[in-house]
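Me: I would like to go through some structural labels one by one. For each, tell me what earns it.

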Amino acid sequence: MNCLRIIKCIPKEAVFYEYGEAEAKLLLRLKHPGIPTVYDLKEDQEYLYIVEEYIRGQSLAEYLLDHKISKEQLRMIAIKLCDVLCYLRDCGPVPILYRDMKPEHVILEGDEVRLIDFGIAKGDDGQREEMICGTQGYMAPELAYSKATEKSDVYSLAKTLEYAWEKSGMNSRRITRLIHQATRECPDERPNLDAFCESWKQLSEKQKVYGGISKVIAVVGSDRGVGCTHIAISLAVFLRTEGIETYYHNPYEEEDVLENMKRNAHVFREKDSIIYHNKFYGLRTLGETVEQRKPPEGVYVQDCGLDWERAEDADWIVFVLGSSPWKDQRVPEWNSNHVSILCNPASRGTGLKLARANGCRLYGFPLDDDPFLVTTAKKKVLERIRKEVWK
Amino acid sequence: MIFGRKVRSKKTYVIMLCGMSAGCGVTNLALSLASYLISCEKRRVCFMEYREHAALVSLGKEGIVKCGVPGFTVHGIDVFQVSYQDMEDLKKGKYDVIIIDADSTWDPFWLHTQTLFQADQIMILGEYRPWKYREVQTFMKQLMNHDIAIESGDFYGINVNHAERQHFRAEFHRNVKKLPAIVDPFHLTKQEQKWIGDLLIKYLKISSV
């Protein structure tokens with residue numbers, strides 16, 4: 001056969017015999033690349049023999065001891081595990097719940113991801129088991145008082161991914177948010193398996209847009225007219241003067257800030273969908289119908305306006321707060337500490353007052369009439385933000 | 001003192017401010033004017049919000065009723081969110097100046113407010129930055145479609161530069177007056193007080209009221 005098999009021998013007197021037998025019988029009827037194949041079952045008076053596929057590779061827990069997982073790897077693992085769980089749900093007359101997702105049970109074999117140990121997996125018959133099954137720390141909280149559902153598996157999967165992501169030491173607000181949503185205490189607030197899987201797939205699509213870009217800084221405002229575009233342009237120009245390849249980017253096709261700039265101020269020039277003038281470089285959004293060249297590498301200052309959702313995908317957020325006392329001046333709670341808060345415009349008194357009211361540190365942006373010009377007062381503030389982003 | 005007691009008229013002077021786009025500083029300037037008239041000129045000022053959502057409600061500490069119209073006070077300024085009928089009632093309220101803060105983004109209805117409110121002075125503020133200029137053009141198109149006569153001297157821009165003013169003049173044959181930016185309308189610095197005093201005399205010609 002030119003491939004390896006393993007034979008598991010389970011003594012019939014063993015305490016875990018029932019689990020071993022149930023697992024083998026279940027695996028015998030499952031056929032999926034993410035699940036180990038069981039070829040045959042034999043028994044004699046003393047033992048149950050299981051002929052099973054030999055799986056190489058190491059568990060995710062072992063892998064994380066001496067490796068750091070990348071964003072792309074995590075996404076790939078998440079999608080493949082979701083795929084396995086979806087298969088389990090749909091393969092039989094009743095959905096099968098895995099119930100024991102944890103890093104030790106996820107085997108990485110090259111690009112392949114396998115799920116092992118189906119000892120406590122069972123069909124969802126609508127009944128609650130007397131004994132609580134699972135692993136502490138990965139088990140959904142509702143199992144203490146209720147039966148397991150598909151969303152319990154989503155919880156355990158998200159906890160497994162969270163463990164891997166924490167070990168990587170990296171930060172991504174989007175991933176943090178996905179995990180946060182799937183690990184909510186109330187199962188009704190969690191996404192179902194399909195939605196969770198779809199979110200991970202969309203994550204990859206969004207990343208393709210930024211292919212090759214080293215950093216995205218999103219500028220987002222608390223209200224209309226607080227000066228997001230002004231600050232985004234100022235920041236883009238300032239970073240260029242500091243020798244950092246920076247592009248201003250407005251992702252909303254309908255606004256087309258750069259087209260308006262070019263049309264209404266004749267100092268701007270355009271080449272390869274990049275509009276430039278002195279130290280200002282802006283990348284235009286031409287829409288889906290236009291095939292755009294590969295975006296140049298560098299730092300992207302993204303003018304998000306009021307789109308907080310999009311801003312959360314960025315590596316750093318600059319949150320612009322209006323200084324008018326009649327506008328909403330509350331700083332929202334962000335999931336990450338990758339946020340700089342800026343008050344525009346601010347005198348010393350206004351800045352201090354807002355910082356005290358919100359209980360956080362914030363920068364005061366000076367009164368400014370030309371975003372394309374780097375003044376000393378502006379430089380002082382933007383320099384501090386730059387240091388925060390690149391520290 | 002810009003207003004001399006001898007020349008002071010009993011007529012209520014109505015100044016209406018509206019913006020071409022969000023964030024161009026209408027409320028800021030309107031409050032600065034009101035604040036200046038109250039603190040430096042000792043005038044009785046009524047501030048009227050003519051918009052969908054009352055922006056200043058969050059600042060109101062004390063409720064008031066004047067001529068049957070409910071409102072509130074903010075730093076000594078009487079603020080009302082009103083309709084035309086209320087406006088007529090408030091005119092009887094012995095106010096020296098009524099300042100109307102109209103939100104252009106709400107409804108094109110404001111376009112008729114000059115007639116409705118019989119404003120003595122209208123100020124249209126815009127942001128003439130190249131990336132906001134589309135909104136200026138849309139506003140001007142609306143103005144022309146409704147056949148509203150706005151005098152050349154009624155357009156203002158905060159920190160508008162020479163190139164932006166020239167661009168606007170070339171397209172619409174109207175002059176734009178430059179205004180300085182004011183950080184906090186409730187705590188005006190001496191420099192800011194001087195600017196607003198100049199604005200009242202030079203542009204709004206209020207001294208002759």
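Reply: Below, each label is set against its value. Keep in mind that this is a predicted model.

Me: What makes Tyr248(A) count as buried?

Reply: Its relative accessibility is 0%. Buried means under 20%, so Tyr248(A) qualifies. The residue lies in strand E10 (residues 246-249) of chain A.

Me: Which residues is Tyr248(A) in contact with, leaving aside its neighbours within four places in sequence?

Reply: Contact needs heavy atoms within 4.5 Å. Among the partners that meet this are Thr229(A), Ala232(A), Ile233(A) and Ala236(A). Val257(A), Leu258(A), Phe280(A) and Asp303(A) are also included. Asp303(A) is 55 residues away along the chain, yet the two C-alpha atoms are separated by 7.4 Å.

Me: Why are E10(A) and strand E13 (residues 280-283) of chain A called paired?

Reply: Pairing takes at least two bridges. E10(A) and E13(A) have 2 bridges, so they pair, in the parallel sense. Tyr248(A) stands opposite Gly282(A) there.

Me: And how do E13(A) and strand E12 (residues 274-277) of chain A pair?

Reply: In the antiparallel sense, over 4 bridges. His277(A) stands opposite Phe280(A). The hairpin of E12(A) and E13(A) has 2 residues between the strands. Asn278(A) takes a positive phi there, near 50 degrees.

Me: What makes helix H8 (residues 257-264) of chain A mostly covered?

Reply: The count does: 6 of its 8 residues are buried. They are Val257(A), Leu258(A), Glu259(A), Asn260(A), Met261(A) and Asn264(A). The cover comes from both chains. It includes helix H7 (228-241), E10, E12 and E13 of chain A, together with H4 and H5 of chain B.

Me: Turn to those two helices of chain B. Why is H4(B) called roughly parallel to H5(B)?

Reply: Helix H4 (residues 133-145) and helix H5 (residues 162-172) of chain B pack at about 30 degrees. Angles under 35 degrees count as roughly parallel, so the label fits H4(B) and H5(B). Their axes are 12 Å apart.

Me: Which residues make the contact between H4(B) and H5(B)?

Reply: H4(B) supplies Tyr133(B), Val136(B), Gln137(B), Met140(B) and Met144(B). H5(B) supplies His167(B), Phe168(B), Glu171(B) and Phe172(B). H4(B) passes H5(B) in a right-handed crossing.

Me: Now the sheet of chain B. What is the order of its strands?

Reply: The 9 strands run E3-E4-E5-E2-E6-E1-E7-E8-E9 in an open sheet, and the pairing is mixed.

Me: What makes E3(B) and E9(B) edge strands?

Reply: Strand E3 (62-66) and strand E9 (176-179) of chain B each pair on one side only. From one strand to the next, the twist averages 30 degrees.

Me: How do you know that helix H1 (residues 26-39) of chain B packs on that sheet?

Reply: H1(B) touches strands E1 (13-19), E2 (45-50), E5 (77-81), E6 (97-102), E7 and E9 of chain B. Its direction makes about 170 degrees with that of E6(B). Angles over 145 count as roughly antiparallel, so H1(B) and E6(B) are roughly antiparallel.

Me: How many bridges join strand E7 (residues 121-126) to strand E8 (residues 155-158) of chain B?

Reply: 3 bridges, and the two strands run parallel. Pairing needs at least two, so E7(B) and E8(B) pass. Leu125(B) stands opposite Tyr156(B) in E8(B).

Me: Last, what share of chain B is buried?

Reply: Buried residues make up 53% of the 209 residues. Chain B exposes about 9700 Å², with carbon and sulfur atoms supplying 51% of it.

Note on methods. Residues are numbered from 1 along each chain as its sequence is written. Chains are lettered from A and ligands numbered from 1 in the order in which they are written. This is a predicted model: local features need pLDDT of at least 70, side-chain atom pairs count only at pLDDT 80 or more; totals for chains, interfaces and linings use all residues. Side-chain values use heavy atoms; hydrogens and water are left out. Buried means under 20% relative accessible area, exposed over 50%, partly exposed in between (1.4 Å probe, protein chains only). Accessible areas come from the Shrake-Rupley method with a 1.4 Å probe; for residues, only the protein chains shown count as cover. Axes are lines fitted to C-alpha atoms, for helices over the stretch in contact, and angles run from 0 to 180 degrees between N-to-C directions. Angles under 35 degrees count as roughly parallel, over 145 as roughly antiparallel, 65 to 115 as roughly perpendicular and the rest as oblique. A crossing is left-handed if the near helix is turned anticlockwise from the far one by less than a right angle, and right-handed if clockwise.
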